[in-house]
Amino acid sequence: MKYSRFIALGDSMTEGMSDEVVDGKYRGWADRVADTLAKSNPDFTYMNLAVRGKLLKQVVEDQIPHALKFIEGKQTLVSFHAGANDVLRPNYKPEISLPEYEKGIKQLTDAGATVIVFTVIDKVEGKGKTATLWHQRFSAFNENVRMVAQKYPTILFEGKNAEFLNDRRFLAFDRLHMNPEGHRRLANAVLEGLDYEFDSNWRILLPEAKEKSKLVKTLVNIIWVGVFLIPWIWRRIRGKSSGDGRVAKYLEPVKWPIR
């Protein structure tokens, strides 16, 4: 199908952190997908309402009502990737978040849009309680996404089909967001699923990583804790979010590409 509009909803992953910066904005996988979608339609427009740090309820209550104003049937493609920030919170309540996820998808599909949803990679490098908790929470989250995808007319992108993207070499130094190569590969995975032109090299694995010395690992971990983990904990204590006060990249439909 040739889409006339693409609306991207969600949090930091869809905003594009930590891809290359263009005109003061992170580019991201969604912008990259829009680049290709625009090639087949001279009237194509794009919106990206995603903002870093947003919780599922915020995406459903703030972004979806705005997006609904611009949905024009199945030719409007909407991506919905939200909920990871909820799962990462210590006080995560799946009995609240998971029904909220379904509520959002129902609103979008009822509006007639073509909706794409995502499961996430639920395994992380390393062992221990943190890795186990991550796997348990995100596995349950993924099962809910799959259930919703079966219940409503959506296109499901399975994270388990690209688990190799969990390689830290596809992640930024914060170990949470994708780097430019990670965004490029995810964009091509989405384009392949949409039956658009894509670069098949996105599936090529990286060569085996060279083992780092214990000293290098220790120094990197110390820097990571100071630069990312402690500020994250401090924001949680104060009830703050990295997205507070931020406005989405493209709140209105823009003719794409704009550069």
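Is tyrosine 92 buried or exposed? Keep that residue in mind while we look around this predicted model, and we'll come back to it with the rest of the fold in view.

Start with the whole chain. The secondary structure adds up to 8 helices and 8 strands. If you lay the C-alpha trace along its principal axes, it spans about 55 × 40 × 35 Å. For 259 residues, a compact globule would be expected to have a radius of gyration near 18 Å, and the chain comes in at 18 Å, so the two agree. Buried residues account for 48% of the 259. Then there's the contact pattern: of the contacts with a separation of 6 or more, 75% are between residues 24 or more positions apart. On the outside, the chain exposes about 13500 Å², with carbon and sulfur atoms supplying 56% of that.

Now go inside. The largest nonpolar core has 30 residues, and the ones with the most contacts within it are Ile7, Leu9, Phe80, Tyr101, Ile105 and Leu108. Strands β1 (5–10), β5 (76–81) and β6 (114–118) each give two or more residues to this core, and so do helices α3 (56–68), α5 (94–110) and α6 (129–151). There is also a second, separate core of 24 residues, with Val33, Leu77, Ile116 and Leu191 among its members.

Leucine 108 is a handy place to zoom in on the larger set, as one of the residues with the most contacts in the largest core. Skipping its neighbours within four places in sequence, leucine 108 is in contact with Leu9, Ile64, Leu68, Ile71, Val78, Phe80, Ala113 and Val115.

Back to tyrosine 92, which sits in the loop between α4 (84–88) and α5. With a relative accessible area of 14%, tyrosine 92 is buried, because the cut-off for that label is under 20%. Who is around it? Once neighbours within four places in sequence are set aside, tyrosine 92 is in contact with Asp86, Val87, Ser97, Leu98 and Arg137. Glutamine 107 is another matter: it is 15 residues from tyrosine 92 in sequence, and the two C-alpha atoms are 23 Å apart.

Finally, have a look at the surface. Phenylalanine 173 is in another loop, the one between β7 (154–157) and α7 (180–193). Its relative accessibility is 40%, so phenylalanine 173 counts as partly exposed. Together with Ile223 and Val227, Phe173 makes a nonpolar surface patch of about 260 Å².

Methods
Residues are numbered from 1 along each chain as its sequence is written. This is a predicted model: local features need pLDDT of at least 70, side-chain atom pairs count only at pLDDT 80 or more; totals for chains, interfaces and linings use all residues. Side-chain values use heavy atoms; hydrogens and water are left out. Patches are made of residues with over 30% relative accessible area and no salt bridge: like charges are joined within 9 Å, nonpolar side chains (Val, Leu, Ile, Met, Phe, Trp, Tyr) within 5 Å. Accessible areas come from the Shrake-Rupley method with a 1.4 Å probe; for residues, only the protein chains shown count as cover. A salt bridge is a side-chain nitrogen of Lys or Arg within 4 Å of a carboxyl oxygen of Asp or Glu. Helices (H or I, at least four residues) and strands (E, at least two) are DSSP runs, numbered from the N terminus. Buried means under 20% relative accessible area, exposed over 50%, partly exposed in between (1.4 Å probe, protein chains only). A nonpolar core is a set of buried Ala, Val, Leu, Ile, Met, Phe, Trp, Tyr and Cys residues joined through side-chain atoms within 4.5 Å. Contact means heavy atoms within 4.5 Å. The radius of gyration is taken over C-alpha atoms; the globule rule is 2.2 Å times the number of residues to the power 0.38.
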